[in-house]
Amino acid sequence: MMKSSTDRYGSVAVTIHWLSAAAILVLLGTGFRAAASSDPAMFLRVHVPLGIATLALTILRVAWWLAFDRKPAPMANTPPWQERLARGVHAAFYIVLFGMFGSGIALMAMSGAGAILFGGTGSLPDFAAYAPRGPHGIGAMALVGLLVAHVGAALYHAFVRREAIFTRLWYGKDSAVR
């Protein structure tokens, strides 16, 4: 089933979720490695195009929810404060992600690093000299915190409350990719 039902996410939402999760983990890894490396170019050659692809994937995800699908109902017996907190964490993900996309694009544009990374010659600039670098680094740390909260909540629901959270967000017999 491509679209979500009242109790589980459809194959499109599941695919976008897990592709986004994998991409964000790689982006965090390559971004932190680039920041700590004496040769950041090799990490940024993965980081920059993957960041652009993740922006496209995030726009697709928002468009999917707005135009084509509805999210499943909250899990049964979830206290209202937990549901509000979950919605807040998800909203914060989008705010931080769009801030990261904007600051990353601005950093590449202002520094001229994109041309150097993808076909140009010369040394990469000192990114710290450009204003978007600060928010980009803060956003990365915020994203790590949000991921910890998100994964922690999923594990809590799966192993403490023994809810079928992973069944809800994985491919089932009725939600196979078509």
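**Exercise 1. The Arg161 salt bridge**

Arg161 has a relative accessible area of 24%; decide whether Arg161 is buried, partly exposed or exposed, then do likewise for its salt-bridge partner.

*Solution.* This is a predicted model.
- Step 1. Buried means under 20% and exposed means over 50%. Arg161, with 24%, is therefore partly exposed.
- Step 2. Find the partner. The side chain of Arg161 meets that of Glu163 in a salt bridge, at 3.1 Å from N to O.
- Step 3. Classify the partner. Glu163 has 13% relative accessibility, so Glu163 counts as buried.
- Result: a partly exposed arginine is paired with a buried glutamate.

**Exercise 2. The other bridge**

Test whether the pair Arg87 and Glu83 meets the salt-bridge rule, and place both residues in the fold.

*Solution.*
- Step 1. The rule asks for a Lys or Arg side-chain nitrogen within 4 Å of a carboxyl oxygen of Asp or Glu. Arg87 and Glu83 come to 3.7 Å, N to O, and form a salt bridge.
- Step 2. Both residues sit in helix H3, residues 80-111. They are 4 residues apart, about one turn of the helix.
- Step 3. Arg87 has 47% relative accessibility, so Arg87 is partly exposed.
- Step 4. Check the total. The rule gives 2 salt bridges.

**Exercise 3. Positive phi values**

Locate Asn77 and Arg162, and say what sets their backbone angles apart.

*Solution.*
- Step 1. Recall the background. Most residues other than glycine have a negative phi.
- Step 2. Read the angles. Asn77 has a phi of about 65°, a positive value, and is not a glycine. Arg162 also has a positive phi, near 55°.
- Step 3. Place them. Asn77 lies in the loop between helix H2 (41-68) and H3. Arg162 lies in the loop between H5 and helix H6 (165-168).
- Step 4. Check exposure. The cut-off for exposed is over 50%. Asn77 has a relative accessible area of 69%, so Asn77 is exposed. Arg162 is exposed as well, with 69% relative accessibility.

**Exercise 4. The nonpolar patch**

Which residues make the nonpolar surface patch, and which helix gives the most to it?

*Solution.*
- Step 1. List the members. Trp18, Val151, Leu155, Phe159, Phe166 and Trp170 make the patch, which covers about 600 Å².
- Step 2. Find the main contributor. Helix H5 (residues 133-160) gives the most, with 3 residues.
- Step 3. Take one member. Leu155 is found in helix H5.
- Step 4. Check why Leu155 qualifies. A patch residue needs over 30% relative accessible area. Leu155 has 40%, so Leu155 is partly exposed and passes that cut-off.

**Exercise 5. The whole chain**

Describe the chain by its elements, dimensions, burial, contacts, surface and charges.

*Solution.*
- Step 1. Elements. The chain has 6 helices and 0 strands. From the N terminus, the order is α-α-α-α-α-α.
- Step 2. Dimensions. Along the principal axes, the C-alpha atoms fill a box of roughly 55 × 35 × 25 Å.
- Step 3. Burial. Of the 178 residues, 38% are buried.
- Step 4. Contacts. Take contacts between residues at least 6 apart in sequence. Of these, 74% join residues at least 24 apart.
- Step 5. Surface. The accessible surface is about 10,300 Å². Carbon and sulfur atoms account for 70% of that surface.
- Step 6. Charges. The chain carries 15 positive and 7 negative charges. Their mean positions are 4 Å apart.

Technical notes
Residues numbered from 1 in each chain as written. Predicted model: local features only at pLDDT ≥ 70, side-chain atom pairs only at ≥ 80, totals over all residues. Heavy atoms only, no water. Helix = DSSP H or I, 4+ residues; strand = E, 2+ residues; numbered from the N terminus. Buried < 20%, exposed > 50% of the residue type's maximum accessible area, 1.4 Å probe, protein only. Contact = heavy atoms within 4.5 Å. Areas by Shrake-Rupley, 256 points an atom, 1.4 Å probe, with all protein chains shown as cover. Lys, Arg positive; Asp, Glu negative; His and termini not counted. Charge placed at Lys NZ, Arg CZ, Asp CG, Glu CD. Patch = residues over 30% accessible without salt bridge, like charges linked within 9 Å, V, L, I, M, F, W, Y side chains within 5 Å.
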